[in-house]
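Here are a few exercises to work through with the model open beside you. Try each task on your own before reading its solution.

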Amino acid sequence: MALKTLRVPSILKSSLELLLMASFCLPGKRLSLLIVGFLCFDLLANSASAAPLTLSGGLINKLSDNTAQSSSNEITDIETRANLRVSHLSDPGRCSSETLADLGYGIWHEKTFDPETYTSLDFQGGCDLGRGFSWELSDNLRDVALDSGGTDTPDNTTRKNVFRTGPSYTLSFTQIDQLQLSAKYENTEFSEPEEADSERYVASAAWNHLFSQSLSAGISLSTNQAEFDTGAEIDTDVASVIFSKTWSTTRIAGSLGVSQIESDFGGSSQSSDGWVGNIELERDINPVTLFYLNASREFTDQTSDFDIRFGEFVFDLRELSEVEVTAIDTGVRRRFKDASQLEISVFANRADYIRANETEDGLGLSIGYRRPVIPLLTFNSTLRYQYETFDVDNVDQETASLDAALTYELTRDLGITGRIGHTTRTSDAPTSEYEENWILIGLDYRFF
């Protein structure tokens, strides 16, 4: 749909964003106050007019023949959900910020579940304080699964908020040598009181040398100290080589190094080490086709933001532990002459819970297709398959889903969507198997 923009005074847009952030930064009130304070500072410091604020809302009704995704006693129910989305990108200036926030509230007519609030937030901001010194702030809020092998229902969901802030200092020795120092405070909170929250202190130093306009490399050192409200502590140190290279059609960046993780759970200490690294690769196969690859291997814990950076990866929150995680996401995006778009993505991940001595593996495929049928009418569909193994229960399971939708623009700002889908799961654990058919009708309106 065409997007109508409204030039709102910059102070009003900043105030709207401030109020939105204050309401979204759940579950920690302390986090809300910190972000509100930062946005007030941003409002005072940034005199540049911001980009237009966009606001949209929607109402959907979803009918499912197995709402609880159960292997037996299937329940048919309808969920009615109201959604609100706000996005804002400030213009470049002394301070800048980018916000994308979603809020939803759903009720089930047959009361299969209690009313549910759905939340998602991505905020990044920073202020240049002069002479290479800056202050950064970010916040990520997600609804995440409690049990990585469980179903996608409210009973298996908690809210995870990862907030981080701190200074960064960049010192240029020469035009080709640069040193960057940073210190971050990070707080992770879950809405479920039985889940362990944490406070984290991260310090890093990185030296980077520019070998040419397209090649740079250097060394990075970091230390990460996490303290949990249970009294447990996990410390992680990393030393790695960093690099970045650009060609006319290819861009690659990453790191390779070693890491050591030490933990103390009630006087029981444990230490592990190994190689770690990450890579980000993009290649333009031709003007309409892009290949990408993102991969990472880290030592971390369940309160980190790894599952936010790799959306297909899911932590198991049943037991707090140090985790050796590996995730790969690769695929192809292509645009066609008829304005249709195709994306094929393959992903794989492994989680080795060191203290719990449990391993989980996942492998999957996702295919998304979008095509305008006639003016104002668009078709899109997604096919998804995932194979998972859980050695703690010696369980293998497969999940396959397919959905298709048509969206029609009734006006420039109002659209209606009809979607139908099917999901099947087979498992070595019979209680984990289920089939679900569903149909959805939704309205979406762009206010400005």
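**Exercise 1. How many disulfides does the structure hold, counting a disulfide as a pair of cysteine sulfur atoms within 2.5 Å?**

Before starting, note that this is a predicted model, in which local features need pLDDT of at least 70 and side-chain atom pairs count only at pLDDT 80 or more, while totals for chains, interfaces and linings use all residues. Residues are numbered from 1 along each chain as its sequence is written, and side-chain values use heavy atoms, with hydrogens and water left out.

Step 1. The structure holds one disulfide. C95 and C127 form it, with 1.9 Å between their sulfur atoms.

Step 2. Now place the two cysteines on strands (DSSP runs of E, at least two residues, numbered from the N terminus). C95 belongs to strand β3 (residues 95–108) and C127 to strand β4 (residues 116–130), so the pair, 32 residues apart, links distant parts of the chain.

Step 3. For the handedness, look at the torsion about the S-S bond: it is about 115 degrees, so the disulfide is right-handed.

Step 4. Check the surroundings: C95 and C127 are both buried, where buried means under 20% relative accessible area, exposed over 50%, and partly exposed in between (1.4 Å probe, protein chains only).

**Exercise 2. Describe how strand β13 is paired with its partners.**

Step 1. Strand β13 covers residues 289–301, and 10 of its 13 residues are buried.

Step 2. Strands count as paired if DSSP finds at least two bridges between them. Strand β12 (residues 268–286) pairs with β13 in the antiparallel sense over nine bridges. The two form a hairpin with two residues between them, and N278 stands opposite S296 of β13.

Step 3. Turn to strand β14 (residues 322–335): 13 bridges join it to β13, and the two run antiparallel. Here A295 has I328 of β14 as its bridge partner.

**Exercise 3. Find the salt bridges that tie strands together.**

Step 1. Use the criterion of a side-chain nitrogen of Lys or Arg within 4 Å of a carboxyl oxygen of Asp or Glu. A search of the whole structure finds 23 salt bridges.

Step 2. One of them joins E324 and R297, whose closest N and O atoms are 2.3 Å apart. E324 is in strand β14 and R297 in strand β13, 27 residues apart. R297 counts as buried, at 14% relative accessibility.

Step 3. Another is formed by D284 and R251, at 3.4 Å from N to O. Because D284 lies in strand β12 and R251 in strand β11 (residues 250–265), this pair ties together parts that are 33 residues apart in sequence. D284 is partly exposed, with a relative accessible area of 30%, and R251 is partly exposed at 29%.

**Exercise 4. Which residues have the most contacts inside the largest nonpolar core?**

Step 1. A nonpolar core is a set of buried Ala, Val, Leu, Ile, Met, Phe, Trp, Tyr and Cys residues joined through side-chain atoms within 4.5 Å.

Step 2. The largest such core has 13 residues, and those with the most contacts inside it are F306, F313, F315, L317, V323, V325 and A351. The elements giving two or more residues to this core are β14 and β15 (341–353). Its largest share, three residues, comes from β14.

Step 3. Inspect A351, counting contacts as heavy atoms within 4.5 Å. Leaving aside neighbours within four places in sequence, A351 is in contact with F313, V323, E324, V325, E358, T359 and E360.

How values were computed
Helices (H or I, at least four residues) and strands (E, at least two) are DSSP runs, numbered from the N terminus. A disulfide is a pair of cysteine sulfur atoms within 2.5 Å.
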